[in-house]
Amino acid sequence: MLNSVSKWKAYRFRCKRELRTARGSATLMGMLIAASTLTGFFSLPARAQQTEPLTPVVVQPGAPGKPSRALGASTKGTLPPRSQADVEFMQGMIMHHSQAVEMTALIPSHTQNKDLQSLGARISSSQSDEIKFMKRWLTARREPVSMAMPGMPEMDTSGKATALMPGMLTPQQMDALRKAKGAEFDHLFLTGMIQHHNGALIMVEDLFNTPGAGQDAELFDFANDADNTQRAEIKIMQSMLEIRPLEEKR
């Protein structure tokens with residue numbers, strides 16, 4: 001009898017334990033399903049953001065006191081407005097830079113001055129690159145890369161009549177530079193290039209003094225860079241001229 005009671009108690013204990021285990025498993029499963037559901041719910045916006053194609057929005061800033069406005073996807077960029085003075089500045093500076101490059105090309109065969117050779121190489125490289133930039137700028141705006149000035153006494157390499165830009169060496173000065181050698185060449189080159197650079201500064205100043213000119217961002221940056229570079233090179237050349245007389249007195 002006692003043995004039967006003991007078996008009955010053991011059976012009931014085992015049933016209760018299995019029931020608790022089943023309830024625990026059911027509860028855990030429910031929690032997992034709920035968590036999965038919530039995760040899927042909150043991930044829906046993220047998935048939607050990932051699958052929907054992004055449409056670029058271009059915003060045009062408004063004038064002072066005016067609101068900005070969104071532009072349509074079909075909006076095409078246009079080049080900023082430029083004045084005739086901008087075009088003439090670029091055309092004239094191409095001519096101006098071309099003479100500077102021509103002057104530097106004489107250095108290797110006319111002097112052994114290492115400092116002058118180094119300076120000439122730097123001027124030639126920078127101004128050749130700037131000529132390419134100015135030609136691209138003009139071409140993009142469907143403007144000719146050279147000035148047409150018929151009736152002027154000076155002639156360019158193509159035989160067309162041109163006017164000298166500020167600071168450019170005259171044909172007589174260029175001829176004297178080609179004939180000079182050694183120290184004489186050094187002196188003529190430095191004085192001539194200082195004159196040349198000062199002329200470029202005048203051209204930049206005239207551009208910015210012209211109403212409506214110099215507003216194009218690319219041209220504005222170029223003109224300012226050219227101004228800063230040539231001012232720095234003028235100081236270098238002036239110091240080279242000061243050193244040369246001292247060496248000659250020794």
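**Close-up views of helix α4 and its surroundings**

**View 1. Gly120, a buried glycine of helix α4.** With a relative accessible area of 4%, Gly120 falls under the 20% limit and is therefore buried. The residue belongs to helix α4 in what is a predicted model. Apart from neighbours within four places in sequence, Gly120 has contacts with Thr104 and Ile107. Its C-alpha atom is 7.1 Å from that of Ile107, although 13 residues separate the two in sequence.

**View 2. Gln117 of helix α4 and its partners.** Gln117 is another residue located in α4. Its relative accessible area of 23% makes Gln117 partly exposed. When residues up to four places away in sequence are set aside, Gln117 touches Ile107, Thr111 and Gln112. Towards Thr111 the approach is polar: the side chain of Gln117 comes to 3.0 Å from the backbone oxygen of Thr111. Ile107 stands ten residues from Gln117 along the chain, and the C-alpha atoms of this pair are 6.3 Å apart. Ile107 thus appears in two views, as a contact of Gln117 and as a contact of Gly120.

**View 3. Asn113 at the start of helix α4.** Asn113 occupies the loop between α3 (107-110) and α4. The relative accessible area of Asn113 is 17%, so this residue is buried. A side-chain oxygen of Asn113 reaches to within 3.0 Å of the backbone nitrogen of Asp115 at the start of the helix. The backbone nitrogen of Leu116 is also approached, at 3.1 Å from a polar atom of the Asn113 side chain.

**View 4. Helix α4 along its length.** Helix α4 covers residues 114-140, which makes 27 residues. At 1.5 Å a residue the expected span is 39 Å, and the end C-alpha atoms are 39 Å apart, so the two values agree. The buried residues of the helix include Leu116, Leu119, Gly120, Ile123 and Gln127. Among the others are Glu130, Ile131, Phe133, Met134, Trp137 and Leu138. After the helix comes Arg142, which has a positive phi, near 55 degrees.

**View 5. The cavity beside helices α4 and α7.** How many cavities of 30 Å³ or more does the count give? The count is one cavity, and the largest cavity holds about 50 Å³ of space. Its lining consists of Ile123, Ser126, Gln127, Glu130, Ala226, Thr229, Gln230 and Glu233. The elements contributing two or more residues to this lining are α4 and α7 (217-249). Ile123, Gln127 and Glu130, which take part in the lining, are also among the buried residues of α4.

**View 6. Helix α2.** Helix α2 is formed by the 21 residues 84-104. Its expected span at 1.5 Å a residue is 30 Å; the end C-alpha atoms lie 31 Å apart, in agreement with that value. The helix is mostly covered, since 15 of its 21 residues are buried, that is, under 20% relative accessible area.

**View 7. Confidence across the model.** The mean pLDDT of the protein is 79, and 60% of its residues reach 70 or more. Where is confidence lowest, and where is it highest? The lowest mean, 46, belongs to strand β3 (residues 154-155), and the highest, 98, to helix α5 (residues 171-179). Over residues 150-161 the pLDDT stays under 50, and the model has 15 contacts beyond four places in sequence for this stretch.

Note on methods
Residues are numbered from 1 along each chain as its sequence is written. This is a predicted model: local features need pLDDT of at least 70, side-chain atom pairs count only at pLDDT 80 or more; totals for chains, interfaces and linings use all residues. Side-chain values use heavy atoms; hydrogens and water are left out. Helices (H or I, at least four residues) and strands (E, at least two) are DSSP runs, numbered from the N terminus. The expected span of a helix is 1.5 Å times one less than its number of residues. Buried means under 20% relative accessible area, exposed over 50%, partly exposed in between (1.4 Å probe, protein chains only). A polar contact is a pair of N or O atoms within 3.5 Å; within protein, one must be able to donate a hydrogen and the other to accept it, and residues adjacent in sequence count only if both atoms are side-chain atoms. Contact means heavy atoms within 4.5 Å. pLDDT is the predictor's confidence in each residue, from 0 to 100. On a 1 Å grid over the protein atoms alone, a cavity is a set of points where a 1.4 Å probe fits but cannot get out, and a pocket is an open set with protein on both sides within 12 Å along at least five of seven lines; lining residues have an atom within 4 Å of a point. Grid points are joined across faces, edges and corners, and a volume is the space filled by probe spheres set on the points.
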